[in-house]
Amino acid sequence: LLKAYEKNRWGVSIQHYPELDHIEMDICVEDENSFILTRLTREKKCGHVEVLDASAHRYRYLADVHDANELLPWIRSFIGYIERISCSSEEVTQKFYNDFEETARLYGE
């Protein structure tokens with residue numbers, strides 16, 4: 001059971017989530033920031049990266065995980081490159097955008 005669970009585990013949460021959360025993050029990474037794509041590929045613990053448009057430097061990270069909340073700190077580290085976030089858990093999507101708006105408000109954006 002643990003081996004099957006690990007395939008879709010991101011962090012340390014061991015709560016039982018009967019449904020997997022599907023999460024997608026679209027990013028745009030210009031050549032001078034190619035280290036971001038390298039980091040995305042290297043640091044992902046599950047899921048995969050797809051090329052949306054190589055000439056426009058657009059990529060999508062997709063994953064099915066037990067608790068998508070665990071990805072949020074890692075996803076936030078790509079702020080500035082993110083074009084879109086969506087999650088089957090509307091709560092996770094809303095939390096990301098609410099946190100982003102709050103940060104922008106605090107920094108006067």
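**View 1. Arginine 84 and glutamate 24, a salt bridge in a predicted model.** The closest N and O atoms of arginine 84 and glutamate 24 sit 2.7 Å apart. This pair links distant parts of the chain, with arginine 84 in strand E4 (residues 82-87) and glutamate 24 in strand E1, 60 residues apart. Glutamate 24 counts as buried at 15% relative accessibility, while arginine 84 is partly exposed at 27%. Zoom out a little and Glu24, Asp26, Arg60 and Arg84 turn out to be linked in a network of salt bridges. The chain as a whole has 10 salt bridges.

**View 2. Arginine 60 and its surroundings in strand E3.** The side chains of arginine 60 and aspartate 26 are joined by a polar contact of 2.6 Å. Beyond its neighbours within four places in sequence, arginine 60 is in contact with Glu24, Met25, Asp26, His48, Val49, Glu50, Leu52 and Arg84. Six of the eight residues of E3 are buried, so the strand is largely enclosed by the rest of the structure.

**View 3. Strand E3 paired with E1 and E2.** E1 and E3 run antiparallel and are joined by eight bridges. Here isoleucine 27 stands opposite tyrosine 59 in E3. E2 also pairs with E3 in the antiparallel sense, this time over five bridges, and aspartate 53 stands opposite arginine 58 in E3. That arginine 58 also forms a salt bridge with glutamate 83, with the closest N and O atoms 2.7 Å apart. Arginine 58 is in strand E3 and glutamate 83 in strand E4, so the pair ties together parts 25 residues apart in sequence. Both ends are partly exposed: arginine 58 has a relative accessible area of 26%, and glutamate 83 has 42%.

**View 4. Histidine 57 in the loop between E2 and E3.** Which sign does the phi of histidine 57 take? It is positive, about 60°, although histidine 57 is not a glycine. For context, most residues other than glycine have a negative phi. The hairpin of E2 and E3 has four residues between the strands. Histidine 57 is buried, with a relative accessible area of 14%.

**View 5. Aspartate 21 in strand E1, buried without a salt bridge.** How far away is the nearest side chain of opposite charge? That would be lysine 95, 13 Å off. A polar atom of the aspartate 21 side chain does lie 3.0 Å from the backbone nitrogen of alanine 68. Not counting residues up to four places away in sequence, aspartate 21 touches Ala63, Asp64, Val65, His66, Asp67, Ala68, Cys87, Ser88 and Ser89.

**View 6. The buried side of helix H2 (residues 34-43).** Ile36, Arg39 and Leu40 are the buried residues here. They cover an arc of only 100° around the axis, which puts them on the same side of H2. The buried residues of H2 pack against strand E1 (21-28), strand E2 (48-53), strand E3 (58-65) and helix H3 (72-76).

**View 7. A salt bridge within helix H4 (residues 90-106), between glutamate 102 and arginine 105.** The closest N and O atoms of the two side chains are 2.6 Å apart. Glutamate 102 and arginine 105 are three residues apart in the helix, so about one helical turn separates them. Glutamate 102 is partly exposed at 35% relative accessible area, whereas arginine 105 is exposed at 53%.

Notes: Residues are numbered from 1 along each chain as its sequence is written. This is a predicted model: local features need pLDDT of at least 70, side-chain atom pairs count only at pLDDT 80 or more; totals for chains, interfaces and linings use all residues. Side-chain values use heavy atoms; hydrogens and water are left out. Buried means under 20% relative accessible area, exposed over 50%, partly exposed in between (1.4 Å probe, protein chains only). Helices (H or I, at least four residues) and strands (E, at least two) are DSSP runs, numbered from the N terminus. The arc is that of the directions from the helix axis to the C-beta atoms. Contact means heavy atoms within 4.5 Å. A polar contact is a pair of N or O atoms within 3.5 Å; within protein, one must be able to donate a hydrogen and the other to accept it, and residues adjacent in sequence count only if both atoms are side-chain atoms. Two strands pair if DSSP finds at least two bridges between them. Lys and Arg count as positive and Asp and Glu as negative; His and the chain ends are not counted. A salt bridge is a side-chain nitrogen of Lys or Arg within 4 Å of a carboxyl oxygen of Asp or Glu.
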